[in-house]
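Trainee: I have a new structure open and I'm not sure where to begin. Could you walk me through it?

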Amino acid sequence: MPINGITSAPQPSAQASAQPSPRPSRRTLLAAAGATAAVAATGLVTAPGAFAATTAATAAAPTLPDGTSKDKVLVVGMDGLRHDRIDAAKAPTLKSLMANGTYGRSLLYANPMAATSSGPGWSTISTGVWPDKHGVKDNTFTGRNYGTYPGFLARLHQVRPGLSLFAAVDWPELDTYGTVTPGADAKVVYNNDYAVNDRVITEITESVLRDQNPDVLFVYFGETDEIGHNYGAASPKYTDAIDVQDAYLGRLLAAIQARPTYASERWTVIVATDHGHTDAGGHGGSSIEERRTFVLAQGPGIAAGARPVDTRLVDVAATVFRQLGIVPDPAWGLDGKPVQDRSADPFDTLHPSLTGRVDETGIPAGVLGFTHTAPAGWSVINNAMGTGGVTEWRGWAFATDEFWSRSQRDQSRELNVRARGVFAVADSDEWADKSFSGTYDSTLVTPAYAVAGASRVTLGFTTLYRQEGAQTAEILASFNGGTPTLVKSYTADVISQPQSVTVPVPAGASSVSFRFRYTGSNNWYWVIDGVTVAAS
């Protein structure tokens, strides 16, 4: 039964949930060859690998300082866990968390922003910012900018040094390059023999939870990714690996609930993954399957059974801070928000009415993700719009990341990372993929906003814009319903960035509406999302 926000599902026995260890991969053997067993004063534990599992299993848990918070957070990272495959697994713990928590699914970026690899994925989870800020584009970690955008454990150590912080990983790069472990009071770092060391990490973390008083923990499991590479995400072995990790997660939740002080504590559990996998196995590219991620959270103030459309992978760190009562400094530059905070974006209200493809051939029929119907108060002017073309993109449309980015891969549509849920898009490139006449000329119009007594009004939004040829992208303002006046135009690419346009309010004006006019002819596209208008 749920107590203090955590609900456990019935767990299979450890013997039943275990699976035979596959023959170690070459990278596992290389990692094991140089490893030694030791427990350092800092709490660093290094496992000897596949051929010394007994020694690793008997390693003592490091000693942490006594925690100081009744609000506590466990973050569990499951590498390469494609969320659509959870349904095919037993996974009682994950499914219990889904039923009793908030489960937000989303898609990653792709190159040239970053590969769908573990380095960028875990950096995004840990720092709460996208790769264009944290700088990690692949598994070399070249260009990492953790000094400016540290992981959430490092942030917590800076702003709340009294917290007791623990990290356990068996992809050692997360420690070597400073992605996750900096700031931890004690850390456990093993090599990547996941079939052995995921279990060892579980045992050590159980001991920490049972016998000590940590405040925040990050625990990493890697076997799902290994099995995905070796057998593919469509393999039964992959769902078996999900079940094994699910059992490990269940053991950690049971250890939390067995704490003698549990009744007076407020625990939040967050589960996330860094990337997906192809059915055949592998990731790093731009396919939808490789880009699939999720954030699953259960705890105080987090709605049960919620399936928000506006969750992104950057939201993990922000959720950790919220659950600890920490208000992020705007100077941190976080891109994420707590998973329990819903967007006020009017475009997201369209989600229940989205429909499937009409002319698009690259989008599966079952993917519901577009409409031409504007939200209440908004409108689209297509008086000058050409005829014909691809129906979905004739004039401004409202679409989801999955629907729009499926229309054509590897043309930077995957970089629309700062849009959430449903967004507005004008895409002359896709429109021109079917016979048409005339030019693309469409205008998106906001509602009228009150500005009486204000000296200026500021329009805020997020945009992804690609410039080509003679296409134009203009923002116009209309006061009191008068003639629209140009206030901003774009002539160069803007890759998923927040924008702010401040306009003086004329004397006597009581209202303003804004227009986004895009023109082109088989050029690129313009995305608008998260529109806000504030008078001051």
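**Strands, helices and salt bridges**

Mentor: Let us start with one pair of strands, remembering that this is a predicted model: strand 5 (residues 165-169) and strand 6 run parallel and are joined by 4 bridges.

Trainee: Which residue stands opposite V169 in strand 6?

Mentor: The residue opposite V169 is V189 of strand 6.

Trainee: What kind of sheet do those two strands belong to, and how many strands does the sheet have?

Mentor: They belong to an open sheet of 7 strands with mixed pairing, and the order across the sheet is 4-9-8-3-7-5-6. The edge strands are strand 4 (102-107) and strand 6 (186-189), each of which pairs on one side only. On average, and with direction ignored, neighbouring strands of this sheet are turned by 10 degrees against each other.

Trainee: What holds strands in a sheet together, generally?

Mentor: Strands of a sheet pair through backbone hydrogen bonds, and the pairing can be parallel or antiparallel.

Trainee: And which strands does helix 4 lie across?

Mentor: Helix 4 lies across strand 3 (71-78), strand 4, strand 8 (266-272) and strand 9 (292-298), and it runs at about 70 degrees to strand 9. Helix 4 (residues 92-100) also meets helix 11 (residues 236-257), with the two axes coming within 7 Å and crossing at roughly 65 degrees.

Trainee: Which residues make that helix contact?

Mentor: From helix 4 the contact takes P92, T93, L94 and L97, while helix 11 contributes I242, D246, L249, G250 and L253. Sorted by class, the contact between helix 4 and helix 11 has 6 nonpolar, 2 polar and 1 charged residues.

Trainee: Changing topic, what is the strand order in the open sheet of 6 strands?

Mentor: The order there is 10-13-14-23-18-21, and the pairing is antiparallel. Strand 10 (370-371) and strand 21 (494-504) are the edge strands, each pairing on one side only.

Trainee: How many bridges are there between strand 18 and strand 21?

Mentor: Strand 18 (residues 456-465) pairs with strand 21 in the antiparallel sense over 9 bridges. As an example to look for on screen, F461 has Q499 in strand 21 as its bridge partner.

Trainee: Okay, charges next. How many salt bridges does the structure hold?

Mentor: The structure holds 25 salt bridges. As general background, side chains of opposite charge can pair when their charged atoms come close. One of the salt bridges here is between the side chains of D429 and R413, at 3.0 Å from N to O. D429 lies in helix 15 (residues 428-431) and R413 in the loop between helix 14 (401-406) and strand 14 (422-427), so this pair ties together parts that are 16 residues apart in sequence.

Trainee: Are D429 and R413 buried or exposed?

Mentor: D429 is buried, and R413 is buried as well.

Trainee: What about E430 and R413, how far apart are their N and O atoms?

Mentor: The side chains of E430 and R413 also meet in a salt bridge, at 3.9 Å from N to O. This pair links distant parts of the chain, with E430 in helix 15 and R413 in the loop between helix 14 and strand 14, 17 residues apart. Both E430 and R413 are buried.

Trainee: Which residue does R517 form a salt bridge with?

Mentor: R517 forms a salt bridge with D441, and their closest N and O atoms are 2.6 Å apart. Here too the pair links distant parts of the chain, since R517 is in strand 22 (residues 511-520) and D441 is in strand 16 (residues 440-445), 76 residues apart. R517 is partly exposed, with a relative accessible area of 31%, whereas D441, at 11% relative accessibility, counts as buried. Elsewhere, D132, K133, D335 and R418 are joined into one network by salt bridges that share partners.

Trainee: Speaking of burial, how many residues of helix 5 are buried?

Mentor: Helix 5 (residues 118-127) is mostly covered, with 10 of its 10 residues buried, including W122 and I125. Just after helix 5, G128 takes a positive phi of about 80 degrees.

Trainee: And the whole chain, how much of that is buried?

Mentor: Buried residues make up 58% of the 536 residues in the protein chain. The chain exposes about 19,400 Å², of which carbon and sulfur atoms supply 52%. Its secondary structure comes to 15 helices and 23 strands.

Notes:
Residues numbered from 1 in each chain as written. Heavy atoms only, no water. Buried < 20%, exposed > 50% of the residue type's maximum accessible area, 1.4 Å probe, protein only. Areas by Shrake-Rupley, 256 points an atom, 1.4 Å probe, with all protein chains shown as cover. Pairing = 2+ DSSP bridges. Axes fitted to C-alpha atoms, helices over the stretch in contact; angles between N-to-C directions. Contact = heavy atoms within 4.5 Å. Nonpolar A, V, L, I, M, F, W, Y, C, P; charged D, E, K, R; others polar. Salt bridge = Lys/Arg side-chain N within 4 Å of Asp/Glu carboxyl O.
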